[in-house]
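Trainee: Could you walk me through this model and show how each label is earned?
Mentor: Gladly, let us take it step by step.

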Amino acid sequence: MTFKLGGVFLCIVALVTGCSRRPNEADSRNRTPSLQNPMTMEENRTKDEAAIRELIDGFVKAIRAKDINGVMSVFTPEVISFDLGPPLQHGGGDTFTKRWQELFESYQSPIDYEVRDLSITANDDVAFSHSLNRISGTMKNGQQTDRWLRWTACYRKTNDKWLIVHEQVSVPIDLGNGKAMLDLKP
């Protein structure tokens with residue numbers, strides 16, 4: 001139980017750190033706390049969560065279509081990704097785009113991608129989501145794949161548009177042998 005709670009705590013710290021605005025952005029806004037009534041705040045939260053759902057829906061469609069521009073359109077240029085493959089973290093830019101392109105090229109068309117148990121929390125200009133995502137299809141070598149992944153994404157709202165600034169993709173591991181557990185299903 002200590003391991004699980006510690007892991008949850010570290011995940012929360014990582015998300016808060018990854019999602020926080022940089023100090024110069026916060027200083028440049030120079031705004032006072034909002035005195036909106038609770039109903040307006042709830043309406044805004046609902047609207048923001050719907051916008052993030054729409055962004056994720058577009059992301060899924062782009063993955064299925066192997067649309068690199070569509071996939072890149074949901075990320076900030078400075079995105080940090082904790083993905084399945086090495087190294088420990090990936091930044092945005094050409095390297096990030098190349099990793100997605102390599103993924104697309106490793107599959108025969110089409111790629112099936114599903115998002116399940118999506119949970120979104122949004123507040124003003126920072127939000128996060130987590131879900132269980134399934135990717136399946138036929139690899140170029142003929143091998144069939146069908147894997148469930150854990151996905152957490154952190155968003156920042158800039159100019160009224162939500163974009164992913166941080167994502168973490170993972171699979172559980174067997175702590176006894178250190179091997180990924182790729183056959184688990186929700």
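**Strands, helix and core**

Mentor: Ser 136 has Asp 146 in β5 as its bridge partner. Before going on, note that this is a predicted model in which local features need pLDDT of at least 70 and side-chain atom pairs count only at pLDDT 80 or more, while totals for chains, interfaces and linings use all residues. Residues are numbered from 1 along each chain as its sequence is written, and side-chain values use heavy atoms, with hydrogens and water left out.

Trainee: How do you know that β4 and β5 pair?
Mentor: Two strands pair if DSSP finds at least two bridges between them, and 13 bridges join β4 to β5, which run antiparallel. The strands themselves are DSSP runs of E with at least two residues, helices are runs of H or I with at least four, and both are numbered from the N terminus. Five residues lie between β4 and β5 in their hairpin, where Gly 142 takes a positive phi near 90°.

Trainee: What makes β3 and β4 a pair?
Mentor: They share 10 bridges, in the antiparallel sense. Asp 112 stands opposite Ser 136 in β4. This hairpin has two residues between its strands, and Asp 124 in the turn has a positive phi of about 55°.

Trainee: Why are β2 and β3 called edge strands?
Mentor: Each of them pairs on one side only. The open sheet has six strands in the order β2-β1-β6-β5-β4-β3, with mixed pairing. β2 is joined to β1 by two bridges, and these strands run antiparallel; Ile 80 has Gly 91 in β2 as its bridge partner.

Trainee: Why is Thr 76 called buried?
Mentor: Buried means under 20% relative accessible area, exposed means over 50%, and partly exposed lies in between (1.4 Å probe, protein chains only). Thr 76 has a relative accessible area of 9%, so it is buried. Thr 76 sits in strand β1 (residues 75–82). Leaving aside residues up to four places away in sequence, Thr 76 touches Leu 163, Ile 164 and Val 165, where contact means heavy atoms within 4.5 Å.

Trainee: How do you know that the length of helix α5 agrees with its residues?
Mentor: The expected span is 1.5 Å times one less than the number of residues. For the 14 residues of α5 (residues 93–106) that gives 20 Å, and the end C-alpha atoms are 21 Å apart, which agrees.

Trainee: Which residues of α5 are buried?
Mentor: They are Phe 96, Trp 100 and Phe 104. These residues cover an arc of only 80° around the axis, so they are on the same side of α5; the arc is that of the directions from the helix axis to the C-beta atoms. On the other side of α5, Asp 94, Thr 95 and Lys 98 are exposed.

Trainee: What makes a set of residues a nonpolar core?
Mentor: Its members are buried Ala, Val, Leu, Ile, Met, Phe, Trp, Tyr and Cys residues joined through side-chain atoms within 4.5 Å. The largest one has 32 residues, and Val 71, Phe 75, Trp 100, Tyr 155 and Ile 164 touch the most other members. α3 gives the most to this core, with seven residues.

Trainee: How confident is the predictor?
Mentor: pLDDT is its confidence in each residue, from 0 to 100. The protein averages 85, and 80% of the residues score at least 70. Among the elements, helix α1 (residues 2–19) has the lowest mean pLDDT, 41, and strand β4 (residues 126–138) the highest, 98.
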